[in-house]
Amino acid sequence: MISTLSLQTFFIDFLTERGISSSLDEIDNFNFMASGLLDSFELLSMFIQLEMSFGIKLTPEEISDEANADVCGLVNTLLAKAQ
């Protein structure tokens with residue numbers, strides 16, 4: 001089942017695997033694009049893993065939408081699509 005917590009945990013785990021530390025208190029503010037810590041291959045990998053883990057496919061427009069550049073915005077989009 002998809003929930004805010006399960007998505008936040010996904011992002012924490014994904015970032016930790018890449019040597020980027022984040023906590024539950026900080027994760028919502030992590031900006032994928034502005035941080036510069038993830039290259040385009042890692043971002044693509046993240047979106048593929050999200051689709052595989054939660055069964056939710058994002059459109060190219062949703063991926064490039066500025067509102068989805070941080071974890072909080074992307075979580076909200078994923079939760080809305082899951083309904």
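What share of the 83 residues in the chain is buried? In this predicted model, buried residues account for 37% of the 83 residues. The chain contains five helices and zero strands, and its elements, read along the sequence, follow the pattern α-α-α-α-α. A compact globule of 83 residues would be expected to have a radius of gyration near 12 Å, and the value computed for the chain, 12 Å, agrees with that expectation. Taken along the principal axes, the box filled by the C-alpha atoms is roughly 30 × 25 × 20 Å. With regard to how the chain folds back on itself, 59% of the contacts between residues at least 6 apart in sequence join residues that are at least 24 apart.

The interior was examined next. The largest nonpolar core comprises 23 residues, of which F11, F32, M46, L50, L74 and L78 touch the most other members. The elements that give two or more residues to this core are α1 (4-17), α3 (40-54) and α5 (71-82), and the largest share, six residues, is the contribution of α1.

Helix α1 was therefore considered in its own right, its 14 residues being expected to span 20 Å at 1.5 Å a residue, in agreement with the 20 Å that separates its end C-alpha atoms. Within α1 the buried residues are L7, Q8, F10, F11, I12, F14 and L15, and these buried residues pack against α2, α3 and α5. As background to such a pattern, an α-helix has 3.6 residues a turn, so residues three or four places apart point the same way. Just after α1, G19 adopts a positive phi of about 80 degrees.

Aromatic side chains form a further theme of the model. Five aromatic pairs are counted in total, and among them F11 and F32 form a tilted pair, with 5.5 Å from centre to centre and 50 degrees between the planes. This pair links distant parts of the chain, since F11 belongs to helix α1 and F32 to helix α2 (residues 32-35), 21 residues apart. Both F11 and F32 are buried. The ring of F32 also pairs with that of F30, and because the two planes stand at 80 degrees, over the 60 degrees required, with the centres 5.8 Å apart, this pair is classed as edge-to-face. F32 has a relative accessibility of 1%, and F30 one of 11%; each value is under the 20% limit, so F32 is counted as buried and F30 is likewise counted as buried. Taken together, ring pairs join F10, F11, F14, F30, F32 and F54 into a cluster.

The surroundings of F32 extend beyond these rings. When neighbours within four places in sequence are left aside, F32 is in contact with F11, L38, L43, M46, N68, A69, D70, V71 and L74. Among these partners, F11, M46 and L74 are also listed with F32 as residues that touch the most other members of the largest nonpolar core.

Another member of the aromatic cluster, F14, has a charged residue as a partner, in that R18 lies over the face of F14 at 3.5 Å from the ring centre. F14 and R18 are also the residues with which S45 is in contact, once the neighbours of S45 within four places in sequence are left aside. S45 is located in helix α3, and its relative accessibility of 19% falls under the 20% limit, so S45 is counted as buried.

Other positions are more open to the surroundings by the accessibility criterion. I48, which is also found in helix α3, has a relative accessibility of 40%, and because this value lies between the limits of 20% and 50%, I48 is classed as partly exposed. The C-alpha atoms of I48 and I20 are 19 Å apart in space, the two residues being 28 residues apart in sequence. S21 lies in the loop between α1 and α2, and its relative accessibility of 70% is over 50%, so S21 is counted as exposed. A separation of 18 Å is found between the C-alpha atoms of S21 and A69, which are 48 residues apart along the chain.

Methods: Residues are numbered from 1 along each chain as its sequence is written. Side-chain values use heavy atoms; hydrogens and water are left out. A nonpolar core is a set of buried Ala, Val, Leu, Ile, Met, Phe, Trp, Tyr and Cys residues joined through side-chain atoms within 4.5 Å. Buried means under 20% relative accessible area, exposed over 50%, partly exposed in between (1.4 Å probe, protein chains only). Helices (H or I, at least four residues) and strands (E, at least two) are DSSP runs, numbered from the N terminus. Contact means heavy atoms within 4.5 Å. Rings of Phe, Tyr and Trp (its six-membered ring) pair if their centres lie within 6.5 Å; planes under 30 degrees apart count as stacked, over 60 as edge-to-face and the rest as tilted. A charge sits over a ring if NZ of Lys or CZ of Arg is within 6 Å of the ring centre and within 35 degrees of the ring normal. The expected span of a helix is 1.5 Å times one less than its number of residues. The radius of gyration is taken over C-alpha atoms; the globule rule is 2.2 Å times the number of residues to the power 0.38.
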